[in-house]
Amino acid sequence: AVFGLAAAEQACRNAIFRWERMPGANVDPLVRLHTLAFLYSRLAVQLAFTGNDWDVVGPAAARATSLAPADATIHFMCGDAAALCGRWREAADTYGRAAQFEEQNDWSTVFITAMLQLAAGDDDQYKATCRDMVRRHAAVEADRALLGILCACVMGEDAVDDWNTVVEMAQKLVSRNRLNPVYATGLGAALYHAGRPDEAVKTLALATPLQAVASIAAPNMSDQIEWSRLMTAIYQALAYRELGQNDESLEARDRAWQVIVRMERSRPRYDEGFGLWAAVSVLTTAVTNMMSNGAAVAVLGPIVLKMSVVANESPIIIGYITAISSSFAYLTVVGTPACTIVYASGYLKTTDFLKVGWKMTIASTIIMLVAAKVYWPLLGV
């Protein structure tokens with residue numbers, strides 16, 4: 001992953017360099033502009049994804065949109081880059097411009113724009129976007145579209161004027177799949193916003209057993225189920241308070257807090273996989289002493305990166321450890337060309353590499369693991 005990101009960034013820079021210096025007679029000017037716009041937008045995403053600040057990412061995004069000011073795809077990519085940098089307002093504005101150039105005016109574009117506007121604290125624009133989304137797309141039939149519109153509307157206060165329309169959309173979802181806890185939670189939230197807290201309480205109460213069943217039947221959807229639990233508890237607290245049932249409201253609030261704590265505890269911790277780091281280093285060291293370091297990384301890279309995903313570990317750290325450990329080829333003659341050349345002189349035996357190499361291997365591994373634990377976090381890795 002580390003090398004792939006770095007290689008992709010460098011590939012974009014190299015391609016930009018070539019296209020900017022390509023003679024005009026060799027390529028259509030329009031093709032050249034759109035290609036450069038795509039490359040700059042791709043570069044902006046790569047820079048943002050690798051943790052660069054907006055001061056670094058912004059110029060590439062601005063260059064891309066200036067080259068293709070009416071291209072929705074370019075604006076989407078630049079909006080993604082801004083969002084990755086936490087620049088919610090810039091991302092919202094960019095997605096808003098993209099929606100103007102999009103041929104079909106897809107609901108998902110408007111949904112993302114509304115979420116970005118809400119994150120940026122622009123309540124007026126958020127409400128205007130939600131109202132426009134309901135007006136344009138309330139008649140859609142796709143469950144995913146209905147759920148997206150429903151979620152966008154219930155996230156903020158007074159997002160739409162006519163909440164009955166949103167309630168009807170939620171009821172349509174529930175009627176199609178009464179066992180989906182997310183749909184039931186969405187309906188309860190819409191009923192609360194529609195000024196019907198008593199119905200909201202009853203609907204949200206039905207969502208709780210569905211969440212328990214779904215957590216067993218669909219463990220791969222655990223994140224969505226936890227969010228459903230959180231939203232259920234929050235809207236139960238609000239609805240009970242509206243009904244004057246303060247004790248029930250406090251209990252629901254406590255349940256919401258418990259869900260938040262549980263979600264925080266289950267969040268991946270990238271500083272707790274020291275054993276995995278050591279295991280990956282030992283494995284890579286063993287392999288690299290039997291082949292070149294490039295071949296060792298090529299063989300182990302896909303395996304250890306998959307391991308990092310399964311173990312909720314940082315693929316960046318695992319990638320660095322694999323790359324650095326592939327240089328610990330101190331134990332065998334065939335580990336590196338340098339060892340082979342020295343051995344060919346005839347002054348050394350194969351056992352000489354083991355006698356000295358094991359000390360260097362242990363020292364190198366310890367230094368790398370200490371750096372990964374202490375120094376790399378200071379660099380933001």
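**Charges and burial in a predicted model**

Colleague: Let's start with Arg21: why is Arg21 called exposed?

Modeller: This is a predicted model, and in it Arg21 has a relative accessible area of 52%. Exposed means over 50%, so Arg21 is exposed.

Colleague: What makes Glu20 partly exposed?

Modeller: Glu20 has a relative accessible area of 28%. Buried would need under 20%, and exposed over 50%. The value for Glu20 lies in between, so Glu20 is partly exposed.

Colleague: How do you know that Glu20 and Arg21 form a salt bridge?

Modeller: Their side chains come to 3.9 Å, N to O. The cut-off is within 4 Å, for a nitrogen of Lys or Arg and a carboxyl oxygen of Asp or Glu, so this pair counts as a salt bridge. Glu20 and Arg21 also belong to a network of salt bridges together with Arg63. By this rule, the count comes to 10 salt bridges.

Colleague: Why is the pair of Asp161 and Arg131 called a salt bridge?

Modeller: The closest N and O atoms of Asp161 and Arg131 are 3.4 Å apart, and the rule asks for within 4 Å, so the pair qualifies. This pair links distant parts of the chain, 30 residues apart. Asp161 sits in the loop between α8 (143-154) and α9 (163-176), while Arg131 is in helix α7 (residues 123-137).

Colleague: Which of the words buried, partly exposed or exposed fits Asp161, and which fits Arg131?

Modeller: Asp161 is exposed, at 66%, whereas Arg131, at 33%, is partly exposed.

Colleague: How do you know that Arg196 and Glu199 form a salt bridge?

Modeller: Their side chains meet at 3.0 Å, N to O. That is within the 4 Å limit, so the pair counts. Both residues are partly exposed: Arg196 has 23% relative accessibility and Glu199 has 32%.

Colleague: Which residues gather in the patch of negative charge on the surface?

Modeller: Asp247, Glu248, Glu251 and Asp254 make up that patch. One of them, Asp247, lies in helix α13 (residues 246-266).

Colleague: What makes Asp247 fit for a patch?

Modeller: Asp247 is exposed, with a relative accessible area of 58%. A patch residue needs over 30%, so Asp247 passes that test.

Colleague: And why is Ser41 called buried?

Modeller: Ser41, in helix α2 (residues 29-49), has 0% relative accessibility. Buried means under 20%, so Ser41 is buried. Leaving out residues up to four places away in sequence, Ser41 touches Ala64, Ile74, Met77 and Cys78.

Terms used:
Residues numbered from 1 in each chain as written. Predicted model: local features only at pLDDT ≥ 70, side-chain atom pairs only at ≥ 80, totals over all residues. Heavy atoms only, no water. Buried < 20%, exposed > 50% of the residue type's maximum accessible area, 1.4 Å probe, protein only. Helix = DSSP H or I, 4+ residues; strand = E, 2+ residues; numbered from the N terminus. Patch = residues over 30% accessible without salt bridge, like charges linked within 9 Å, V, L, I, M, F, W, Y side chains within 5 Å. Areas by Shrake-Rupley, 256 points an atom, 1.4 Å probe, with all protein chains shown as cover. Lys, Arg positive; Asp, Glu negative; His and termini not counted. Charge placed at Lys NZ, Arg CZ, Asp CG, Glu CD. Contact = heavy atoms within 4.5 Å.
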